[in-house]
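This report goes through a single protein chain, beginning with one loop residue and then turning to the fold and to selected positions.

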Amino acid sequence: GRLLGRRKAYDVDLAAIIAVAKQTRTVLEIDADPARLDLSGEYVRQAVAAGVKIAIDSDGHSPRHFANLEYGIGQARRGWAEQKDVINARPLAQMLKLLK
């Protein structure tokens, strides 16, 4: 929910969210809009360490927003995520299998 320089992130216990995501096999999202960049690198790192998968979302509202994925990839790298940690960096069949 944060907007960098305009609105702080929601006050939630992300460590608890990561723990529940691991337990429920829930994929967490990196919002790649350059004004948001949620999850932070710190929480990406915690999620990856816990074995929680990540999806990178362009936050696209038009085709030009697809370019935001570059920022999401950078955020994933800040959190030491590798390709194997990012479900939408896989071939479609593999990604769909992970979502079942």
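Where is the place of leucine 39? Leucine 39 sits in the loop between β1 and α2. The model described here is predicted.

## Overall fold

Four helices and two strands make up the secondary structure of the chain. Their order along the sequence is α-β-α-β-α-α. The chain has a radius of gyration of 13 Å, close to the 13 Å that the globule rule gives for 100 residues, so the chain is as compact as a globular protein of that length. The C-alpha trace spans about 35 × 35 × 20 Å along its principal axes.

Of contacts between residues at least 6 apart in sequence, 71% join residues at least 24 apart.

## Surface and charge

Buried residues account for 34% of the 100 in the chain. The exposed area is about 6700 Å², and 56% of that area comes from carbon and sulfur atoms.

The chain carries 16 positive and 12 negative charges, and the mean positions of these two sets lie 5 Å apart.

## The loop between β1 and α2

Strand β1 covers residues 28-31 and helix α2 covers 41-50, with aspartate 38 in the loop between them. The peptide bond from aspartate 38 to leucine 39 is cis, with omega near 0°. In general, most peptide bonds are trans.

Is aspartate 38 buried or exposed? Its relative accessible area is 18%, under the 20% limit, so aspartate 38 counts as buried. Beyond its neighbours within four places in sequence, aspartate 38 is in contact with Gly1, Arg2, Glu29, Ile30 and Asp31. Three of these contacts, Glu29, Ile30 and Asp31, carry numbers that fall within β1 (28-31).

## Glutamine 75 and isoleucine 30

Glutamine 75 belongs to helix α3, residues 69-78. With a relative accessible area of 4%, glutamine 75 is buried. Which backbone oxygen does the side chain of glutamine 75 reach? The partner is the backbone oxygen of leucine 39, at 3.1 Å. A side chain in α3 is thus paired with the loop residue that follows the cis peptide bond. Setting aside residues within four places in sequence, the contacts of glutamine 75 are Arg2, Ile30, Leu37, Leu39, Ser40, Gly41 and Val44.

Isoleucine 30 is placed in strand β1 and is buried, with a relative accessible area of 0%. Not counting residues up to four places away in sequence, isoleucine 30 touches Asp38, Leu39, Val44, Ile54, Ala55, Ile56, Asp57, Gly72, Gln75 and Ala76. Among them are Asp38 and Leu39 on either side of the cis bond, and Ile54, Ala55, Ile56 and Asp57, which have the numbers of strand β2 (54-57). Isoleucine 30 and alanine 55 are 25 residues apart in sequence, and their C-alpha atoms are 6.2 Å apart.

## Asparagine 88

Asparagine 88 is in the loop between α3 and α4, the latter covering residues 92-99. Its relative accessibility of 36% places asparagine 88 in the partly exposed class. The side chain of asparagine 88 reaches the backbone oxygen of isoleucine 56 at 2.6 Å.

Which residues is asparagine 88 in contact with, leaving aside neighbours within four places in sequence? They are Ile54, Ala55, Ile56 and Met95. Ile54, Ala55 and Ile56 are also touched by isoleucine 30. Asparagine 88 and aspartate 59 are 29 residues apart in sequence, with a C-alpha to C-alpha distance of 14 Å.

## Residues with positive phi

Most residues other than glycine have a negative phi. Aspartate 59 has a phi near 55°, a positive value in a residue other than glycine. Aspartate 59 is found in the loop between β2 and α3 and is buried, at 17% relative accessible area.

Tryptophan 80 is not a glycine either, and its phi is positive at about 65°. The residue lies in the loop between α3 and α4. At 60% relative accessibility, tryptophan 80 counts as exposed, whereas aspartate 59 is buried.

Definitions and conventions. Residues numbered from 1 in each chain as written. Predicted model: local features only at pLDDT ≥ 70, side-chain atom pairs only at ≥ 80, totals over all residues. Heavy atoms only, no water. Rg over C-alpha atoms; globule rule 2.2 N^0.38 Å. Buried < 20%, exposed > 50% of the residue type's maximum accessible area, 1.4 Å probe, protein only. Contact = heavy atoms within 4.5 Å. Areas by Shrake-Rupley, 256 points an atom, 1.4 Å probe, with all protein chains shown as cover. Lys, Arg positive; Asp, Glu negative; His and termini not counted. Charge placed at Lys NZ, Arg CZ, Asp CG, Glu CD. Polar contact = N/O pair within 3.5 Å; in protein donor to acceptor, adjacent residues only side chain to side chain.
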